[in-house]
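Me: Please take me through this structure by its loops, helices, core and empty spaces. Short answers will do.

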Amino acid sequence: MGQALPLFISSKFSEILSKNQLDTFAKVWDYKVNWFEEPNERRGGWSGVGRINIKQSDGSEIGAFLKKQDKHCRTSFLHPVKGVPTFQREFEMMQYLAEKGVKAPEVLFFGRNPLGDLKTTLMTKELAGFFPLEELTEKLFADKRPAISQQRPVISAVAAFARQLHSVKIQHRSFYPKHLFVNMTNQNAPEIAVIDLEKSRINVIPAMRTLIDLTTLNRHARYWSKTRRMSFYLQYLGLKRLTPYAKWMCRMIIKRSNRVKHN
């Protein structure tokens, strides 16, 4: 007999999912989704995502994102030939981060087709109250800037989050401002979450986690001044001033950022 394909249903939301006819792979796969954009077709398969509303017993609704894909895989060390569905890798990473206390979307449902093909679904709870760092940057760091006192908590929160993510040995590999979400309910201590974990992986080399992810963020963090960037970098490293290693890494990040820009 073949190995059982993975299925996950959140115990916290299992009753609600059942009432909404979203408690089996077949029901979730057949659920109509209005795609954000036409499904992405590559690697001989396709992958798409849309937003849905899940009704609760009191009549209110939970926002959720439902992803579906078929024959859309990535190879890995454990699966070098056939690979595994990218949403399965993302699901596993979300579960790992939840275990480590790193904020990411909460998984409501994940399933592979029990018939044995590569159809895969992943449903996550919407990050209510969170907005992309990319969007927030336009408001806080563009030409008509508010007081620096409004920028500092965001810089500090993003630096602390990046440090936390890397402390559990995760290299995001797509660390763009559009993938970092910020909740400004407490403006003195914003909350950060990360999305788009399909490419993320464990990397046991700290310097590589820092170099790859911070290069991406540095390259795409529009409007951040050199002072703000240095403040972020020092807080990420937990330093008050640059050490020889920190100076070397800083030069590498800048060099890599400029090289990618010019390519």
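Me: In which loop is glutamine 21 found?

Reply: This is a predicted model, in which local features need pLDDT of at least 70 and side-chain atom pairs count only at pLDDT 80 or more, while totals for chains, interfaces and linings use all residues. Residues are numbered from 1 along each chain as its sequence is written, and side-chain values use heavy atoms, with hydrogens and water left out. Helices (H or I, at least four residues) and strands (E, at least two) are DSSP runs, numbered from the N terminus. Glutamine 21 is found in the loop between α1 (14–19) and α2 (25–30).

Me: What is the phi of glutamine 21?

Reply: Glutamine 21 is a residue other than glycine, yet its phi is positive. Its relative accessible area is 46%, so it is partly exposed; buried means under 20%, exposed over 50%, and partly exposed in between (1.4 Å probe, protein chains only). Phi of glutamine 21 is near 55 degrees.

Me: What is the phi of tyrosine 223, and where is its place?

Reply: Tyrosine 223 counts as partly exposed because its relative accessibility is 26%. Phi of tyrosine 223 is positive, near 75 degrees. Its place is in the loop between α6 (206–220) and α7.

Me: How far apart are the end C-alpha atoms of α7?

Reply: Helix α7 (residues 226–237) has twelve residues, and at 1.5 Å a residue it should span 16 Å. The expected span is 1.5 Å times one less than the number of residues. The end C-alpha atoms of α7 agree with this, at 17 Å apart.

Me: Which residues of α7 are buried, and which residue just after α7 takes a positive phi?

Reply: The buried residues in α7 are Arg228, Phe232, Tyr233, Leu234 and Tyr236. Just after α7, a positive phi of about 70 degrees is taken by glycine 238.

Me: What span should α5 have, and which residue follows α5 with a positive phi?

Reply: The 20 residues of α5 should span 28 Å, and the end C-alpha atoms are 28 Å apart, which agrees. Among the buried residues of α5 are Gln151, Pro153, Phe161 and His166. The residue that follows α5, with phi near 70 degrees, is lysine 169.

Me: Which helix gives the largest share of the largest nonpolar core?

Reply: A nonpolar core is a set of buried Ala, Val, Leu, Ile, Met, Phe, Trp, Tyr and Cys residues joined through side-chain atoms within 4.5 Å. The largest one has 42 residues, of which Leu97, Leu133, Val158, Leu180 and Phe232 touch the most other members. The largest share, eight residues, comes from helix α5 (residues 148–167).

Me: What is the volume of the largest cavity?

Reply: On a 1 Å grid over the protein atoms alone, a cavity is a set of points where a 1.4 Å probe fits but cannot get out, a pocket is an open set with protein on both sides within 12 Å along at least five of seven lines, and lining residues have an atom within 4 Å of a point. The structure holds one cavity of 30 Å³ or more, and helix α4 (residues 133–141) gives the largest share of its lining, four residues. The lining includes Leu133, Pro177, His220 and Tyr223. Taking volume as the space filled by probe spheres set on the points, with grid points joined across faces, edges and corners, the largest cavity has about 60 Å³.

Me: Which residues are the closest to the centre of the largest pocket?

Reply: The largest pocket has a volume of about 930 Å³. It is lined by 30 residues, and the closest to its centre are Val49, Lys67, Ile195, Asp196 and Glu198.
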